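Open the structure in your viewer and set it to a cartoon view. Keep the selection tool at hand, and show side chains when a stop asks for them.

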Amino acid sequence: MNNVSNLSIYAIQLFDASGKPLLEEGAEPVVPDAERIRRVLAGGVARHIENEGRYPMVGLPFPVNGESYALFVMLKSNELWMQSSREVNTELLTVFLIGSFLVLAAARFIVKPLLQLRDAAGRMAQGHFDVQLRTSRKDEIGQLNASFNEMARELAKLDRMRREFVANVSHEIQSPLTSISGFAKAMKQKRMSEESRMHYLTIIEEESDRLSRISHNLLRLSSLQHDRHSVQSAAFRLDEQLRNVVIALEPQWSIKEIDIELDLEPITIHADEDQLSQVWTNLLGNGIKFTPVRGRVGIRAYIDDRSAIVRIADNGIGIPEDQRTDIFKPFHKADKARDRAVSGSGLGLSIVKQIVDMHKGEIRADEEPGGGSVFTVQLPLGRDL
């Protein structure tokens, strides 16, 4: 027992039944009070003993050959324990320093791109949409930067469209205003015949009507784009509606002696009847407008896979292939259509596209095999609008 006490980091002492210590005293003597010795000799355990000096102590009963002994164990302050304590402290300090460095590095790795993102957002808030963040990261921050770049490109595109829209509106409004102002001044400043006066007044009236149409179409397009005009869905005969539109536009196609060809299957559709009437009026009106005298306009309607298909084709000037998507943008006009003899503001097809989209349909423009253009509208037949 003495040998164990000398080798261990613990000090050990054994007391006999009379409370006399039996082992040699070491550098760290184990000296419990008499009350604790008696408690252990009686078979108890001295637990959670208050420190006698600097180190904790515990007492256990130790019977040998029927004799009761009390074994007390105390942690002693030898060099091994102190060395272990110093090594543990050193390791803890090293771990703390390395951890602090890693935390700072990680914070810089994460915070720096976030600060760049904040600065880029600030530039965008000032109207600079040409901001692009360069990064090769594939983690969440890299995905955030990619999403930000995509948002910046879309905002830049919308800003260009806004500027073009404003410029086009200004041009379309300024043109009739200039004509009205010029002819009104001419009527005030010089004498003219009744025929000339009526001619000037007719031009002023036509330009005023043109301004009115532009204003009406702009308001309608704005209403459609902002969903203020809800879809009032109801069942009606699509083929009958197309016939009624053809009849309503009879003055336009009859004066040009245009041949109207109808191929209409009986179709019942659930949709907004007023809005779709605007679609067919605009499409058929365009076909008549750009079809030459004694030309041909064909209207076909049929059902294909629970969808209503309407094709309006003409043998007019056609639409260049590179402009068949852009023609649905506000104020866009194909180059061939910029003839002053052909009136129009470039808003009709934009209104058509908005109405078709609201009905969850599709519209596309193609070229007829023999020349001219064809507009194909696909609309669902169901009630889920």
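The tour below goes through a predicted model, stop by stop.

**Stop 1: a three-stranded sheet**

Select residues 10-15, which are β1, and residues 57-61, which are β2. Add residues 70-75, which are strand β3. Together the three strands make an open sheet with the order β1-β3-β2, and the pairing is antiparallel. β1 and β2 are at the edges and have a single partner strand each, so one side of each has no neighbour in the sheet. On average, neighbouring strands in this sheet are turned by 20° against each other, direction ignored. Strands of a sheet pair through backbone hydrogen bonds, in a parallel or an antiparallel way.

Now look at the two pairings in turn. β1 and β3 run antiparallel and are joined by six bridges. To see one place where they face each other, pick Phe15, which stands opposite Ala70 in β3. β2 and β3 also run antiparallel, and five bridges join them. Here pick Met57, whose bridge partner in β3 is Met74.

Helix α2, residues 34-41, is the next selection. α2 packs on the sheet and touches β1, β2 and β3, and its direction makes about 125° with that of β3. Is β1 mostly covered or mostly open? It is mostly covered, with five of its six residues buried.

**Stop 2: the loop between β2 and β3**

Go to Asn65, in the loop that links β2 and β3. Its phi is positive, about 50°, although Asn65 is not a glycine. The relative accessible area of Asn65 is 78%, and this residue is exposed.

**Stop 3: the largest core**

Show the side chains of Leu238, Trp280, Leu283, Leu284 and Phe375. They have the most contacts inside the largest nonpolar core, which has 39 residues. Which helix gives this core its largest share? Helix α8, residues 273-289, does so with six residues.

Take Leu284 as an example. Which residues does Leu284 contact, leaving aside its neighbours within four places in sequence? They are Val245, Val246, Leu249, Val297, Ile299 and Ile312.

Another core, of ten residues, lies apart from the largest one. Among its residues are Ile37, Leu41, Ala70 and Phe72.

**Stop 4: two helices against α8**

Keep α8 on screen and add helix α6, residues 238-248. The axes of α6 and α8 come within 10 Å and cross at roughly 50°. The two helices are therefore oblique to each other. The crossing of α6 and α8 is right-handed. On the α6 side, the contact is made by Leu238, Gln241, Leu242, Val245 and Val246. On the α8 side, it is made by Glu273, Leu276, Ser277, Trp280, Thr281 and Leu284.

Next, select helix α9, residues 348-358. α8 and α9 pack at an angle of about 145°, and their axes are 9 Å apart. This crossing is left-handed. From α8, the contact includes Leu276, Val279 and Leu283. From α9, it includes Leu349, Ile351, Val352 and Ile355.

**Stop 5: Tyr302 and the loop after its strand**

Select Tyr302 in strand β7. Is Tyr302 buried or exposed? At 18% relative accessibility it counts as buried, because the cut-off for buried is under 20%. Asp263 is 39 residues away from Tyr302 along the chain, and the C-alpha atoms of the two are separated by 8.4 Å. Leaving aside neighbours within four places in sequence, Tyr302 is in contact with Glu265, Ile267, Ser307, Ala308, Ile309 and Arg311.

Move on to Asp305, in the loop between β7 (296-303) and β8 (307-314). Phi of Asp305 is near 55°, a positive value in a residue that is not glycine. Asp305 is exposed, with a relative accessible area of 69%.

**Stop 6: a hairpin**

Finish with strand β9, residues 362-367, and strand β10, residues 373-380. They pair in the antiparallel sense over six bridges. Pick Glu367 and find its bridge partner in β10, Ser373. β9 and β10 form a hairpin, and five residues lie between them. One residue to pick in the turn is Gly371, with a positive phi of about 100°.

Technical notes. Residues numbered from 1 in each chain as written. Predicted model: local features only at pLDDT ≥ 70, side-chain atom pairs only at ≥ 80, totals over all residues. Heavy atoms only, no water. Pairing = 2+ DSSP bridges. Helix = DSSP H or I, 4+ residues; strand = E, 2+ residues; numbered from the N terminus. Axes fitted to C-alpha atoms, helices over the stretch in contact; angles between N-to-C directions. Contact = heavy atoms within 4.5 Å. Buried < 20%, exposed > 50% of the residue type's maximum accessible area, 1.4 Å probe, protein only. Core = buried A, V, L, I, M, F, W, Y, C linked by side-chain atoms within 4.5 Å. Parallel < 35°, antiparallel > 145°, perpendicular 65-115°, else oblique. Left-handed = near helix turned anticlockwise from the far one by under 90°.
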